[in-house]
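User: Please take a close look at one chain of this model for me, from its order of elements to its odd spots. Then set its partner beside it, and explain each term as you go.

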Amino acid sequence: MKIRKVIGKISTTILWTILTLITLFPIYWMVLVSTRTPVELFGKPDLSPTFFQKIHWKNFTKPFIDGIYSDYLFNSIIVATSNAALVTVLALMATYALSRFKLPGSESIFFWTMTNRMAPPAAFMLPLFLLFSTVFKFGDSTLFDTKIGLILLYCVFNLPFAIWLLKGIIDGIPKELDEAMIVDGANLFTVLWKLIIPLAAPGIAVTSLLSFLFAWNEYLLASTLTSVYARTIPTGLSEFVTTTGTNWGTMAAVALVSMIPALIFLFLVQRYIVAGLTFGAVKG
Amino acid sequence: MFSNNRTGWLLLSPTILILFLVGLVPFFYVLYVGFFKWNPLAVDPSMQFEGFGYNYRQLIFDEVFLSSIWRSIRFAVVTLFFELSLGFLLALSLLSSFPLKSFFRGVHTLPLVIAPIVVGSIFKLFSVQGLGPLPHFLKDFFGYTLNYGLNADQAFWMIVIMDIWHWTPFVTLTLLAGLSALPQDPYESAKIDGANNFQIFIYITIPMMVPVLIVVIFIRLMDSLKIVDEVWMLTGGGPGYATRFTGIHIWKEVFEKRFYGFGSAMSILYLYITIVICWLLYSVMVSRGKSED
């Protein structure tokens with residue numbers, strides 16, 4: 001019996017070792033490619049790690065210092081940060097309203113916000129493109145190719161997610177606490193600021209981090225709704241596809257840089273990712 | 001609790017306004033444009049009304065579009081099968097303890113946070129002819145030529161493999177969360193009755209996991225039907241039509257050929273099919289929930 005258990009443990013460890021190698025190997029190869037010159041990449045793939053002295057820094061400096069990619073990076077940071085901030089504030093307000101007020105039809109509103117998340121973005125590319133470039137006008141300027149356009153647009157998938165995630169948390173805060181504060185003469189703002197936000201702080205942090213990540217990773221809508229001034233880093237990455245004779249080293253370097261936030265957040269939100277991705281239907 | 005609901009509506013109004021503008025207005029707009037013949041690059045670039053069914057009548061005979069839908073569904077089912085079997089196995093293995101478990105789990109979570117477009121890039125660098133280690137390895141050890149730029153089947157399966165790499169962790173972690181929350185009593189009584197591990201799995205674990213399984217299937221199917229980014233990066237929908245899933249097809253028709261009216265009709269039909277599949281799964285979920293009460 002004991003031997004069987006040991007064998008089971010060993011085989012599970014072997015299985016997971018292989019899996020981990022499969023997961024990491026393509027990423028490892030991308031890192032290698034980003035450190036090499038086009039000549040070094042020619043011919044049989046060399047899987048040995050690159051020495052620090054031999055790193056071909058031009059792969060990084062060419063797009064990010066000489067090229068346009070620093071602008072893309074800047075746009076991505078602005079769009080994702082602003083969107084995460086906007087989504088967190090709006091979702092907190094909306095969730096509080098859905099959780100504490102007896103609004104007629106609030107269940108339907110909740111369901112409707114969720115449907116926005118499920119819709120395939122490809123079906124909305126064309127109408128959004130037309131609306132952004134012709135209909136939504138403020139004087140002469142349109143929303144097309146602006147950061148504000150993207151910031152508002154990303155609410156479509158981030159707001160439903162944030163509301164869902166926060167609803168579970170705010171529903172869990174006893175209503176009696178709110179009532180006690182109101183009896184003592186506090187107004188709504190004080191209740192939110194002094195009670196709800198401190199108690200829901202971890203949930204709010206996770207919500208904003210995941211919103212940031214989803215906004216940072218979005219590609220399809222950004223690529224159709226921007227052309228020059230508001231292009232984000234994922235759209236920049238896709239530009240490598242069409243050019244003939246791709247510079248693989250540069251492409252790998254850009255992909256690597258655009259992965260950095262994901263890598264940072266992985267450590268911060270790992271525990272909440274399941275709840276986040278399943279809409280809280282399954283608690284992680 | 002609050003005496004007037006006006007404050008509640010006030011708190012809710014910015015959310016409703018934004019989702020109305022970028023969610024509901026585009027939907028009605030695409031519905032509207034779908035009734036017109038509209039191609040800005042044609043001789044007559046204006047919108048022409050030729051009857052409500054003009055685009056839709058063409059659409060149901062458009063073999064490329066219909067095959068792209070069929071391809072998307074096939075892709076969704078194939079990846080679901082592999083991800084579910086592998087994910088279930090891995091979730092079960094994570095219930096026991098073994099060395100370095102949390103490290104393995106952490107690495108397993110990694111693909112989930114990587115942008116789809118970056119996943120596409122990673123796989124492109126990994127498997128493209130003349131650069132990637134994968135074709136070299138297959139050639140040297142098995143004499144198998146991998147060139148998904150030319151071979152339609154290889155392109156399709158390459159995308160399946162990429163999707164499995166990207167999304168199996170999601171299935172694993174979700175099922176693990178479900179498995180850890182299962183009550184222990186049925187297991188104990190089954191063991192007392194002398195059931196073996198296989199019987200316990202089939203007759204106790206699977207039935208108790210059905211609600212979680214449905215959630216996983218639901219979310220994975222929806223996401224697979226939406227897939228665009230990774231495929232665009234890896235194969236661009238080619239070779240030929242081999243990996244042209246519905247999302248990519250709409251993109252090409254709309255932004256390369258500028259078939260606005262026709263593209264809108266496609267978007268509506270695509271949306272409709274997604275909603276129907278969504279609704280079917282949802283009603284299965286609801287009916288199960290009722291039968292359990």
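Analyst: Let's begin with the vocabulary: helices (H or I, at least four residues) and strands (E, at least two) are DSSP runs, numbered from the N terminus. With that in hand, chain B reads α-β-β-α-α-α-α-α-α-α-α-α-α-α from the N terminus on. That makes twelve helices and two strands for chain B.

A word on how to read what follows. Residues count from 1 along each chain as its sequence is written, while chains are lettered from A and ligands numbered from 1 in the order in which they are written. This is a predicted model, in which local features need pLDDT of at least 70 and side-chain atom pairs count only at pLDDT 80 or more, whereas totals for chains, interfaces and linings use all residues.

How confident is the prediction for chain B, as an average pLDDT? This score is the predictor's confidence in each residue, from 0 to 100. Chain B averages 87, and 96% of its residues score at least 70. Where the score is low, the predicted coordinates should not be read in detail. The model as a whole has an ipTM of 0.88 and a pTM of 0.89.

Now the overall form of chain B. Its C-alpha trace spans about 80 × 75 × 35 Å along the principal axes. The radius of gyration is taken over C-alpha atoms, and the globule rule is 2.2 Å times the number of residues to the power 0.38. Chain B has a radius of gyration of 24 Å, where a compact globule of 293 residues would be near 19 Å. The domain assignment splits chain B into domain 1 (1–25) and domain 2 (62–257 + 269–292); such bounds come from an automatic or database domain assignment. The C-alpha centres of these two domains of chain B are 36 Å apart.

What about the inside of chain B? A residue is buried if 20 or more other C-beta atoms lie within 10 Å of its own, exposed if 12 or fewer, and partly exposed in between, with C-beta atoms placed from the backbone. By that rule, 39% of the 293 residues in chain B are buried. Two residues are in contact if their C-beta atoms, placed from the backbone, lie within 7 Å. Among the contacts in chain B with a separation of 6 or more, 68% join residues 24 or more positions apart.

Next come two odd spots. Most residues other than glycine have a negative phi. B:Leu100, however, has a positive phi of about 65° without being a glycine. You will find B:Leu100 in the loop between helix H3 (63–95) and helix H4 (101–113) of chain B. It has 13 other C-beta atoms within 10 Å and is partly exposed. The second spot is B:Arg258, with a positive phi near 60°. B:Arg258 sits in the loop between helix H11 (246–255) and helix H12 (260–292) of chain B. It has 15 C-beta neighbours inside 10 Å, so it counts as partly exposed.

Now for the partner. Chain A has 15 helices and two strands. Its radius of gyration is 24 Å, well over the 19 Å that the globule rule gives for 284 residues, so chain A is more spread out than a compact globule. Buried residues make up 44% of those in chain A. One helix to look for is H8 (residues 155–171) of chain A, whose 17 residues reach 22 Å from first C-alpha to last, close to the 24 Å expected; the expected span is 1.5 Å times one less than the number of residues. Of the 17 residues in H8(A), 13 are buried, so this helix is largely enclosed by the rest of the structure.

Finally, how do the chains meet? The contact takes 74 residues from chain B and 77 residues from chain A. On the side of chain A that touches chain B, helix H1 (residues 2–34) of chain A gives the largest share, 14 residues. That side of chain A has 57 nonpolar, 13 polar and seven charged residues. Here Ala, Val, Leu, Ile, Met, Phe, Trp, Tyr, Cys and Pro count as nonpolar, Asp, Glu, Lys and Arg as charged, and the others, Gly among them, as polar.
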